[in-house]
Amino acid sequence: MSRVHRHRLRRQRAFQFAAAALFNGYALGFRKGRIFTGPTKALCVPVLNCYSCPGALGACPIGALQTVLGTRHRVPFYVLGLLMLFGVVLGRAVCGLLCPFGLVQDLLYKLPVPKWTVPRRLDRPARYGKYAVLVLLVIALPALGQGVVPPLFCKYLCPAGTLEGGIPLLLLDKSLRKAAGALFQWKVLVLVVILALAAAVQRPFCKYLCPLGAFYALFNRFSFYQMGLDQDKCVRCGQCERACPMGVEVTKNINSPECIRCGRCREVCPAGAVSGGFCPGKAVKHEHTRRTSDGDL
């Protein structure tokens, strides 16, 4: 990897850290073990970021979506509108550039442990898991339940909530440690399994379980931010696909719903055939022409 590419990768990582610090910037909360309750807590951030994190300055959109559906049985227009806005503008670039739990997975994968490639026969059907979580746990069960329905995804599955909220609060508050029971033990088990997998498999939570990633994936092909592949320059070396943390077939479908716009494919391309941004230009035109000729539209 060239010096320019290494510089871009460092800049991307710095952007991820800055986003995590911005969304969880209430330092006093970590010191005193208190959850921030200021006016910004009524606003949703665009990523999976636990409301109960002592440093969280905003609310998690998935938590807010479940809460409105489960307690009021109304359509949460504000939350859906915000998610659609980010989806239309960025698509899953939110996952690749802004999500704190995505950053955690990226860092864990750098650990010197044996890596594992999930067999395609298991990987492809497992990718639908995140859509099932979105439809069932986040939307259907809270909306159709009787009475007040708790935020099921947050309560039983979300590893970000345990890492950012549950564990810090228990470490800072002795009374909470005494109250922790089987449910918290279950959440810790889920977190440990996902973090262990993240050291061996690139972004397993993003690929298989994240309902927010599933929502943004619906906008990937139509978002303003796009990736592009210039077929005239592409030498079919396969480096882009080997580098992709999400297993995207870059030369066939660069704007796949799985693409998180991390830019790894662009950084390793020896021919400079991959581009990305709000105006990728010629590269997107070539991809569009190829899809049309292949009858994909």
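The paragraphs below lead through the salt bridges, aromatic pairs, buried sites and nonpolar surface of this structure, which is a predicted model.

The charged contacts offer a starting point. Across the whole structure, a search finds 10 salt bridges. One of them joins Arg-120 to Glu-249, whose closest N and O atoms are 3.7 Å apart. This pair links distant parts of the chain, for Arg-120 belongs to helix H7 (residues 120–126), whereas Glu-249 is in the loop between helix H15 (239–243) and helix H16 (250–253), and the two are 129 residues apart. Arg-120 has a relative accessibility of 52% and therefore counts as exposed, the threshold for that class being over 50%. Its partner, Glu-249, has a relative accessible area of 34% and is partly exposed.

A second group of charged residues is arranged around Arg-127. The side chains of Arg-127 and Glu-258 meet in a salt bridge with an N to O distance of 2.9 Å. Here too the pair links distant parts of the chain: Arg-127 is in the loop between H7 and helix H8 (129–144), Glu-258 is in the loop between H16 and helix H17 (264–268), and 131 residues separate them. Arg-127 also forms a salt bridge with Asp-123, where the closest N and O atoms are 3.1 Å apart. Are these charged side chains buried or exposed? Because buried means under 20% relative accessible area, Asp-123 falls in that class at 12%, Arg-127 at 10% and Glu-258 at 11%. These three residues do not stand alone: Arg-92, Asp-123, Arg-127, Lys-130 and Glu-258 are linked in a network of salt bridges.

Positive charges also meet aromatic rings. The charged end of Lys-115 is placed over the ring of Tyr-109, at 4.3 Å from its centre. In a corresponding arrangement, Lys-41 lies over the face of Tyr-51, 4.1 Å from the ring centre.

Contacts between rings form the next topic. A pair of aromatic rings is described by the distance of the centres and the angle of the planes. The search of the whole structure finds 6 aromatic pairs. Among them is the edge-to-face pair of Phe-215 and Tyr-216, with 6.3 Å from centre to centre and 75 degrees between the planes. Both Phe-215 and Tyr-216 are buried. In the pair of Tyr-225 and Phe-278, the centres are 5.3 Å apart and the planes stand at 85 degrees, so this pair is edge-to-face. Tyr-225 lies in the loop between helix H14 (211–217) and strand S1 (226–229), and Phe-278 in the loop between strand S2 (274–277) and helix H18 (282–293), so the pair ties together parts that are 53 residues apart in sequence. The two rings differ in burial: Tyr-225 counts as buried at 12% relative accessibility, whereas Phe-278 counts as partly exposed at 47%. Ring pairs also link Phe-215, Tyr-216 and Phe-219 into a cluster.

Two buried residues serve as further points of orientation. Thr-162 is located in helix H10 (residues 159–172), and with a relative accessibility of 2% Thr-162 counts as buried. Which residues does Thr-162 touch, not counting residues up to four places away in sequence? They are Ile-167, Pro-168, Phe-184, Lys-187, Val-188 and Leu-191. Pro-204, in helix H13 (residues 204–208), likewise counts as buried, at 6% relative accessibility. With residues up to four places away in sequence left out, Pro-204 touches Gln-105, Ile-194, Leu-197, Ala-198 and Leu-209. Pro-204 and Gly-165 are 39 residues apart in sequence, and their C-alpha atoms are 21 Å apart in space.

The final feature is at the surface. Trp-116, Tyr-156, Leu-183, Trp-186, Leu-189, Val-193 and Leu-197 make a nonpolar surface patch of about 660 Å². Helix H12 (residues 182–200) contributes the largest share of the patch, 5 residues. Val-193 lies in this helix, H12, and is partly exposed, with a relative accessible area of 42%. Leu-197 connects this surface to the preceding paragraph, being a member of the patch as well as one of the residues that Pro-204 touches.

Definitions and conventions:
Residues numbered from 1 in each chain as written. Predicted model: local features only at pLDDT ≥ 70, side-chain atom pairs only at ≥ 80, totals over all residues. Heavy atoms only, no water. Patch = residues over 30% accessible without salt bridge, like charges linked within 9 Å, V, L, I, M, F, W, Y side chains within 5 Å. Areas by Shrake-Rupley, 256 points an atom, 1.4 Å probe, with all protein chains shown as cover. Salt bridge = Lys/Arg side-chain N within 4 Å of Asp/Glu carboxyl O. Helix = DSSP H or I, 4+ residues; strand = E, 2+ residues; numbered from the N terminus. Buried < 20%, exposed > 50% of the residue type's maximum accessible area, 1.4 Å probe, protein only. Contact = heavy atoms within 4.5 Å. Phe/Tyr/Trp six-rings, centres within 6.5 Å; stacked < 30°, edge-to-face > 60°. Lys NZ or Arg CZ within 6 Å of the ring centre and 35° of its normal.
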